[in-house]
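Dear colleague,

I am passing on the structure below, followed by notes on the ligand and its surroundings. Please read them alongside the coordinates.

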Amino acid sequence: MRFDVVTIFPETFPGVLESGLSGQALINRTIEIYCHNPRDFTSDKHRSVDDAPFGGGAGMLMKPAPLFECIEHMGQPRPFVVLLSPQGIPFNQKLARSFVDQYDRIAFICGRYEGVDERVRTNLVDMDVSIGDFVLSGGEIAAMAIIETLTRLIPGVVGNQESLTHESLENNLLKYPQYTRPRNYRGLKVPDVLLSGNHALIDKWRQEQSRLRTQTRRPDLFTCNQMNKNDKYPIASDGANDGEKNKESE
Ligand code: SAM
C-alpha cells in the first residue's frame with residue numbers, strides 16, 4: 001500500500017512509523033510513504049503556502065493552488081485523497097478496514113495554521129477525516145496514526161491474524177482483560193479461570209468480560225453491537241477489578 005503525504009514538514013516522516021511493525025513493513029516495502037511539500041508548487045520567492053482569510057479573522061489559511069498542483073502532480077490514476085481535519089468524518093476501525101479493502105494508494109493532506117481554503121475540501125478531496133474531537137496544530141500526527149492503523153490491517157503485517165480479530169473495537173467490542181506472569185504480583189492474583197486450562201470456560205469468561213467492559217466503558221459501542229441480539233451469556237462481574245478482588249486476604 002502506498003501513502004502520499006502532503007506536508008510542509010516532510011522531515012517529520014516516517015517518524016514513529018519507522019519503529020515496530022510499520023518499520024518492518026517499510027523495510028520489506030509492504031508499505032511505501034512518499035512526502036510532497038506544497039512549497040515545491042509555489043512560484044514566489046518566499047515559497048509561501050498560506051495567506052490571510054477573506055473577511056478577516058485570526059490566523060492564516062493554506063492557499064488552494066499549491067495543494068491542487070501538488071495532488072495533480074501525483075498523476076493518474078489519482079490516489080484517494082484524504083484531508084486531515086478536526087471537522088472530518090471520525091476515523092475508526094471500520095473506516096480503516098474499508099480503506100484497506102478499497103484502496104492501494106491514499107494521499108493525505110496535512111493542514112497547518114487555521115486549516116485549508118474551503119475549495120480544497122469541496123473540489124480536491126475525496127473525504128475529510130478527523131482522528132478525534134480535539135485540535136492538533138497540524139495533520140502530520142493524524143496522518144501517522146491513520147497510516148499505522150491501516151498498516152496493521154494489511155494481511156501479513158501482524159504475524160498472528162487472530163490477534164486482529166480479537167482486538168479492541170473489532171465488532172464494536174473492547175478486548176477482555178489480559179494477564180501475564182507472575183500469577184501473583186504483590187498479592188494481585190490472576191483470575192482463577194485463566195489458570196484452569198479449561199478453554200471453553202476461558203472463552204466464555206472472555207466473552208462476558210469483553211461485553212461487560214464495552215457496556216460500562218463504551219455504551220455507545222455496546223448499543224450498536226450485533227452480539228447483543230444473541231444474548232448467549234449473562235453478564236457476570238466487572239473483570240476490570242478482578243486483580244483487586246483476587247488480592248490475597250491477609
Ligand atoms: N481552524 C481549524 C478548525 O477550527 O477547524 C483547525 C486547524 S488545526 C490548528 C490545523 C490542522 O491540523 C488542520 O487543518 C488539520 O489538518 C489538522 N488537525 C487538527 N486537529 C485534527 C484532528 N482532530 N484530526 C485530523 N486533523 C487534525
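A backbone N or O atom of Glu 114 lies 2.9 Å from a nitrogen atom of the ligand, a polar contact in the sense of a pair of N or O atoms within 3.5 Å. For Leu 136 a backbone N or O atom is likewise found 2.9 Å from a ligand nitrogen, and for Ser 85 the corresponding distance to a nitrogen atom of the ligand is 3.3 Å. Of the 580 Å² that the ligand exposes when taken alone, the protein buries 84%, with accessible areas taken from the Shrake-Rupley method with a 1.4 Å probe.

This is a predicted model, in which local features need pLDDT of at least 70 and side-chain atom pairs count only at pLDDT 80 or more, whereas totals for chains, interfaces and linings use all residues. Residues are numbered from 1 along each chain as its sequence is written, and side-chain values use heavy atoms, with hydrogens and water left out.

The shell around the ligand (residues with a heavy atom within 4 Å of it) holds 19 residues, the closest being Leu 84, Gln 87, Gly 111, Glu 114 and Phe 134. Strand S5 (80-90) and strand S7 (127-130) each give two or more residues to this shell, where strands are DSSP runs (E, at least two residues) numbered from the N terminus, and S5 supplies the largest share, four residues.

Best regards

Key. A polar contact is a pair of N or O atoms within 3.5 Å; within protein, one must be able to donate a hydrogen and the other to accept it, and residues adjacent in sequence count only if both atoms are side-chain atoms.
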